[in-house]
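This report describes the surroundings of one polar residue, then the aromatic ring pairs and the charges placed over rings. The structure is shown first.

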Amino acid sequence: MQIVTFTNDLNEMIDFDFNSSFILSKIDGTGSVAANHRTSNIPSSHGSQRTLSTLNPRYLTLHGSLIVSHRSELALLKEQLCEIFNPSLKDGKLTYDAGAGTKFVYAIAEELPIFSDYIGDSVNFIINLVANNPFWHDIEFYEHTFTTPYQSLFTFPQSTPTQMGLHTDTQTFFNKGNERTPLILEFEGGIKNVKFINKTNGEWIEFRKKLNSNEKLIINSTTGQKEVNITNTKGEQKQGYGLLTFDCSTYIHLEKGNNIIQFIGETDSKKGLVKLKWETNYLGV
């Protein structure tokens with residue numbers, strides 16, 4: 001049994017199952033995705049050498065029927081389907097479970113639903129979706145917060161003593177997906193001289209300027225959502241690229257399997273921290 005749900009950018013949701021008026025008969029595109037192979041010719045050699053392979057967007061098609069007790073209800077259901085699968089919205093989430101666990105993919109309708117002529121008290125439909133990020137994901141984000149103990153380094157001789165502390169921690173994280181996955185990093189708590197390193201692939205983030213205690217630096221490495229922004233407690237946002245060291249990686253990922261991650265940072269409080277979030281990438285369901 002296939003369980004399929006679509007939630008659009010406005011959080012409007014529709015379930016396709018045999019207990020509703022929206023009956024799904026088939027879904028195409030849950031597995032196969034075409035790939036692009038970049039090659040180069042080698043002088044005085046046969047054939048070519050592959051230099052890079054990338055996946056194309058994932059194209060999904062939902063086939064089903066609208067079935068009601070009274071034909072007059074069909075127009076309302078068609079209108080509801082068009083509203084939820086509105087191509088002018090941002091990406092929504094298509095969740096899918098065929099018995100091996102629920103996964104989701106970010107997707108948007110390529111066009112409005114295609115309807116057949118009325119067949120008694122039912123209408124057939126076809127919905128064409130595109131997932132520009134072709135990977136399936138677990139429903140929940142994976143998350144870890146570095147909360148290493150505050151370590152006093154020295155005290156300034158003032159009437160009110162001020163201490164500087166160093167946060168340092170090294171952890172191993174396991175990416176159980178089929179591919180490397182982007183990390184979302186959140187730094188906050190009045191920290192500076194921060195370095196975040198994935199020792200497995202050599203990618204690293206560094207900034208030496210101080211992040212104010214009421215600010216949060218967000219670095220999102222997700223394709224199509226990449227950003228380096230600073231937000232404050234009032235919700236105000238500004239670009240954060242100027243905070244980063246010039247030659248650092250800017251965007252950072254977890255490789256498939258084990259990743260050794262180190263976080264180093266300096267703080268004048270006990271509130272400095274860094275939070276990691278990631279979605280596991282699967283090639284098919």
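In this predicted model, Asn 259 belongs to strand β22, which spans residues 257-267. Asn 259 has a relative accessible area of 0% and is therefore buried, the cut-off for that class being under 20%. Its side chain takes part in two polar interactions of different kinds: a polar contact of 3.1 Å with the side chain of Asn 198, and an approach to the backbone oxygen of Gly 257 at 3.0 Å. Once neighbours within four places in sequence are set aside, Asn 259 is in contact with Gln 171, Thr 172, Phe 173, Asn 175, Asn 198, Thr 200, His 253 and Leu 254.

As to confidence, the mean pLDDT of the chain is 86, and 91% of the residues score at least 70. Residues 148-164 have a pLDDT below 50; this stretch nevertheless has 34 contacts in the model beyond near neighbours in sequence.

The aromatic pairs number 12. Two of them are set out below.

| Aromatic pair | Centre to centre | Angle between planes | Arrangement |
|---|---|---|---|
| Tyr 142 and Trp 278 | 5.9 Å | 15 degrees | stacked |
| Phe 146 and Phe 263 | 5.7 Å | 35 degrees | tilted |

The pair of Tyr 142 and Trp 278 links distant parts of the chain, 136 residues apart: Tyr 142 is in strand β12 (residues 142-146) and Trp 278 in strand β23 (residues 273-278). Tyr 142 is partly exposed, with a relative accessible area of 27%, whereas Trp 278 is buried at 5%.

Which strands does the pair of Phe 146 and Phe 263 tie together? Phe 146 lies in strand β12 and Phe 263 in strand β22, so this pair joins parts that are 117 residues apart in sequence. Phe 146 counts as buried at 1% relative accessibility, and Phe 263 is buried with a relative accessible area of 1%. Strand β22 is also the place of Asn 259.

Ring pairs connect Tyr 142, Phe 146, Phe 173, Phe 196, Phe 263 and Trp 278 into a cluster. One of these residues, Phe 173, is in contact with Asn 259.

Charges over rings complete the description. The charged end of Lys 103 is placed over the ring of Tyr 282, 4.9 Å from the ring centre. The charged end of Lys 226 sits over the ring of Tyr 251, at 4.9 Å from its centre.

Notes:
Residues numbered from 1 in each chain as written. Predicted model: local features only at pLDDT ≥ 70, side-chain atom pairs only at ≥ 80, totals over all residues. Heavy atoms only, no water. Helix = DSSP H or I, 4+ residues; strand = E, 2+ residues; numbered from the N terminus. Buried < 20%, exposed > 50% of the residue type's maximum accessible area, 1.4 Å probe, protein only. Polar contact = N/O pair within 3.5 Å; in protein donor to acceptor, adjacent residues only side chain to side chain. Contact = heavy atoms within 4.5 Å. pLDDT = per-residue confidence, 0-100. Phe/Tyr/Trp six-rings, centres within 6.5 Å; stacked < 30°, edge-to-face > 60°. Lys NZ or Arg CZ within 6 Å of the ring centre and 35° of its normal.
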